[in-house]
Amino acid sequence: MNPFFIAITLTLMLVSHPMHAQDDAKMYRAMSNSNVRAAPTTNSQKIGYLKEGSSVQVIGSAAGGNWHQVRLTSGQMGFVYGHLLQSPDGEGALEPGTPSLKGGPTEAPEDAFAYIIWPNDGEVIPGGDFVVLFGLHGMGTAPAGVDKPHTGHHHLLIDTDLPPLDQPIPATESYVHFGRGQTEHHLVLPKGTHTLQLLLGDANHIPHTPPVSSERITITVP
């Protein structure tokens with residue numbers, strides 16, 4: 001898939017199909033000048049800017065809570081790195097929502113995470129025929145069997161929970177391996193509600209320590 005086409009398509013999808021918003025949206029203050037991005041990664045397009053001390057509405061989170069979805073005064077949705085935001089009552093910066101977990105012997109950077117570029121959480125996909133786009137922050141992709149520091153390959157979890165994190169990831173219809181280093185996958189799902197989640201594996205298909213995963217999203221095929 002053409003990288004330019006992906007970038008344009010992603011921008012349009014994120015603007016027109018925002019992530020599912022939480023009902024308990026709250027106002028937070030920017031602790032420093034902060035960029036608002038189209039996706040939860042520093043490589044994503046800048047779509048807005050928060051001045052230090054300004055307030056913004058937080059409506060959800062992504063990447064295990066490391067990034068938080070905000071609604072700008074214009075109504076546009078975007079993402080701000082969680083540690084740059086603070087609640088008005090002085091409770092401190094938002095903390096990641098996922099506890100520290102132990103994986104296998106291969107180390108990963110503490111701030112690394114995977115994320116699903118498309119589809120968005122809560123997306124309704126008529127026909128169930130679509131392409132899942134994978135994102136990775138703080139690490140690089142490498143084929144299975146390649147033992148290079150701070151790299152790994154994706155696994156897509158479909159309608160299932162995380163496997164044991166200190167063992168090789170199973171290879172089944174629910175745990176799809178991308179041992180060539182792929183970053184997208186054509187998927188056809190039947191009618192119903194489905195969950196998707198990414199989990200990175202090392203050269204031996206074992207999750208890193210700490211594990212590098214995405215948030216688990218839900219989609220619906222009507």
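**One salt bridge, two cores and a three-stranded sheet**

Searching the whole structure turns up one salt bridge. It links Asp161 to Arg216, with 2.5 Å between the closest N and O atoms. Asp161 sits in the loop between β11 and β12 (175-177), while Arg216 belongs to the loop between β14 and β15, so the pair ties together parts that are 55 residues apart in sequence. As for exposure, Asp161 has a relative accessible area of 48%, so this residue is partly exposed. Arg216 comes in at 40% relative accessibility and therefore also counts as partly exposed, the cut-off for exposed being over 50%. As general background, side chains of opposite charge can pair when their charged atoms come close.

Stepping back to the whole chain, the model is a predicted one, and it holds one helix and 15 strands. The chain has 222 residues, and buried residues make up 47% of them. The accessible surface is about 11,000 Å², with 53% of it belonging to carbon and sulfur atoms. Among contacts with a separation of 6 or more, 65% are between residues 24 or more positions apart.

Now for the interior. The largest nonpolar core has 23 residues, and the members touching the most others are Phe130, Val132, Leu156, Leu187, Leus196 and Val212. Two or more residues each come from β8 (113-118), β9 (129-137), β11 (151-158), β14 (192-201) and β15 (217-221). Of these elements, β9 gives the most, with four residues. Apart from this core lies another, of 10 residues, including Tyr28, Val36, Val58 and Leu85. In general terms, nonpolar side chains tend to be buried together in soluble globular proteins.

Leu156 gives a good idea of the surroundings inside the larger set. With neighbours within four places in sequence left aside, Leu156 is in contact with Val132, Leu187 and Leu196, among others. The list of partners also includes Ser174, Tyr175, Val176, Phe178 and His185, as well as Gln197 and Leu198.

β9 turns up again in an open sheet of three strands, ordered β8-β9-β13 and paired antiparallel. β8 and β13 (184-188) are the edge strands, each pairing on one side only. From one strand to the next, the twist averages 30°. The antiparallel pairing of β8 with β9 runs over five bridges, and Ile116 has Phe134 in β9 as its bridge partner.

Conventions
Residues are numbered from 1 along each chain as its sequence is written. This is a predicted model: local features need pLDDT of at least 70, side-chain atom pairs count only at pLDDT 80 or more; totals for chains, interfaces and linings use all residues. Side-chain values use heavy atoms; hydrogens and water are left out. A nonpolar core is a set of buried Ala, Val, Leu, Ile, Met, Phe, Trp, Tyr and Cys residues joined through side-chain atoms within 4.5 Å. Buried means under 20% relative accessible area, exposed over 50%, partly exposed in between (1.4 Å probe, protein chains only). Contact means heavy atoms within 4.5 Å. Two strands pair if DSSP finds at least two bridges between them. Axes are lines fitted to C-alpha atoms, for helices over the stretch in contact, and angles run from 0 to 180 degrees between N-to-C directions. A salt bridge is a side-chain nitrogen of Lys or Arg within 4 Å of a carboxyl oxygen of Asp or Glu. Accessible areas come from the Shrake-Rupley method with a 1.4 Å probe; for residues, only the protein chains shown count as cover.
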